[in-house]
Amino acid sequence: MEKEKAELASLVKKYGKVQSLMKYVNKDTLRESYSKQPKGKVVGIDEVTKEEYGEKLEENIENLLVKMKKFSYKPYPVRRTYIPKGKGKMRGLGIPSFEDKVVQGAFKEILEAIYEPKFKEFSFGFRPNKSCHDAIQRVNKHIMADKVNYIVDADIKGFFDNIDHEWMIKFLEHDIADKNFIRYIKRFLIGGVMEDGKRLETESGTAQGGLISPVLANVYLHYTLDTWFDYVKKHEFKGEMYMVRYADDFVYLFQYENEARKFYQLLIERLKKFGLEIAEDKNRILPFGRYKGTKESFDFVGFTHYNARSHRNKYCVLHRTSKKKLKMKKEAVKKWIWEHMHESMKDTIEALNVKLTGHYRYYGIYGNYVGLVKYFVYVRQELWKSKRKRDQSNWLTWKKYQKILQIHPLAPPKIYVTSAY
C-alpha cells in the first residue's frame, strides 16, 4: 500500500482534489489490510474471527470485490459495547464485523494518503508518526517559549456521536471526486448499531471502534476547527495565539485575556454551525504560564499540566496522570485482576506486566514518576487481595507474597520520555 499512498500523495499535491480511488481497493490492498488486523479481538455481529476469515482468504476477497463492483456490498451494523468513561459514565464503542474491518482498513490507508498532506501541523491525534507526547511537547514549547498567559480549556460534548453526516460528506467531497468511494463512506456512516438484539439507526456520528472513524473525525475537525483557527488568527486577533489538538481533545493558548474570551465565544458559535457544542461542565479560561505563576492546572490527553520550578529553579511545565484517568485505569485493572483471580500467579503476572508496560509507555514522562508509582502500588495490592480471596485462607501473607514477587516480579515503574520539551 505504500506505493499507492505515495502515488495518491503526489496526486493530492498536484491537483488538490483526487478521483478514481476505488482502483486502490483491490486484491493486494485488501489482503494487506487483512494481514494488519490483530488476532483475538472482539468479533462483530457476524461472529467471524480473523482465523476463520483467513481459512478461505482468497475466495473471500474475490467475493468481496465482486460485491463491491456490483454495489451489493453493505456493511453490517456494528456491535455496541461499553467501556468505563469516568464518573460512573460509560462510553459506547462500535465493533465492526471482520470483513468490514478489512474494507475499512483499505479505506483508512487511502484517506490518510489524501489528508496527511492537508492536515495542520498542530493536529496530532490518530496520525502516522505522531503521538500524545508530541502534542505535549508542542504545548510545552508554546507556554515556555512564546507569549502565553491564558489557556482556553474546553471539551466538545459527545463529539463522535454528534458528527453531522451531511457536513461530513461535504468535507470529503471538497477533496474527493470519486462518487463511488464516497458512496461506501456513507454506507459505513449509516450502517446502524446492534444493541440488545435490536438494530438502531445511525443518523449522526461515527462509531468509535471503526478503523476509519479516527481519520474521519480528523477530517471533520480539520474543516470545523483547524482551518478556521488559522483564518481567525490571521484576520481577527492581534496577540499571539496557538492551538494544539489531539483528536477531539484540544487546547488553545493566548497572550491576552480579552482575546481568549473573544475566541471562546466565537468557538461556541463555530461548533454550533456544525452540530457540535461545548460541554458546559468542562470549559474554563485560566491564567497560565511563566508570567503568571499561578497554581491553576488543566487536563489534556490524560495528563494534568501545571506550573512548576525545575531542580535548577527555572520555570517549567510539569505533568502528572490526571485524577480522572488514574481512577479509570485503576478501576479497569482491578476488574481485570479479579476476573483472572483463579489463574496461576505466574500467568497473571506475565499478563499484568504487559498492561503495566503499556501504562508506563503512555504516562511515563518526565515529572510523572509518582503517578506511575501510585498505579504500580495499587496493582500490586489488588493482585495480593485477589489471590488471598481465591484460596479462602490466610496462607498468602504479605511476606510470602513478596517472596513470590522476587521470583515473578511485576514490571517496575519506568520513565520512557525523559523530556517533554
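**Charged pairs across the chain**

D230 is partly exposed, with 30% relative accessible area. This is a predicted model, and D230 is a handy place to start walking through its charged contacts. The side chain of D230 meets that of K120 in a salt bridge, at 2.9 Å from N to O. Those two come from distant parts of the chain: D230 is in helix α9 (residues 213-235), while K120 is in the loop between α5 and α6, 110 residues apart. K120 is partly exposed as well, at a relative accessible area of 22%.

What makes such pairs possible? Side chains of opposite charge can pair when their charged atoms come close.

Now look at K118, in that loop between α5 and α6 (132-145). The side chain of K118 forms a salt bridge with D175, at 3.3 Å from N to O. D175 lies in the loop between α7 (165-173) and α8 (179-189), so this pair ties together parts that are 57 residues apart in sequence. Are the two partners buried or exposed? D175 counts as buried, at just 1% relative accessibility, whereas K118 is partly exposed, with a relative accessible area of 22%.

Next, head for the start of the chain. There, K5 and E109 join their side chains in a salt bridge, 2.9 Å from N to O. K5 belongs to helix α1 (residues 2-15) and E109 to helix α5 (residues 98-115), so the pair ties together parts that are 104 residues apart in sequence. Both K5 and E109 are buried.

To finish, step back to the whole model: the count of salt bridges comes to 23.

Notes
Residues numbered from 1 in each chain as written. Predicted model: local features only at pLDDT ≥ 70, side-chain atom pairs only at ≥ 80, totals over all residues. Heavy atoms only, no water. Salt bridge = Lys/Arg side-chain N within 4 Å of Asp/Glu carboxyl O. Helix = DSSP H or I, 4+ residues; strand = E, 2+ residues; numbered from the N terminus. Buried < 20%, exposed > 50% of the residue type's maximum accessible area, 1.4 Å probe, protein only.
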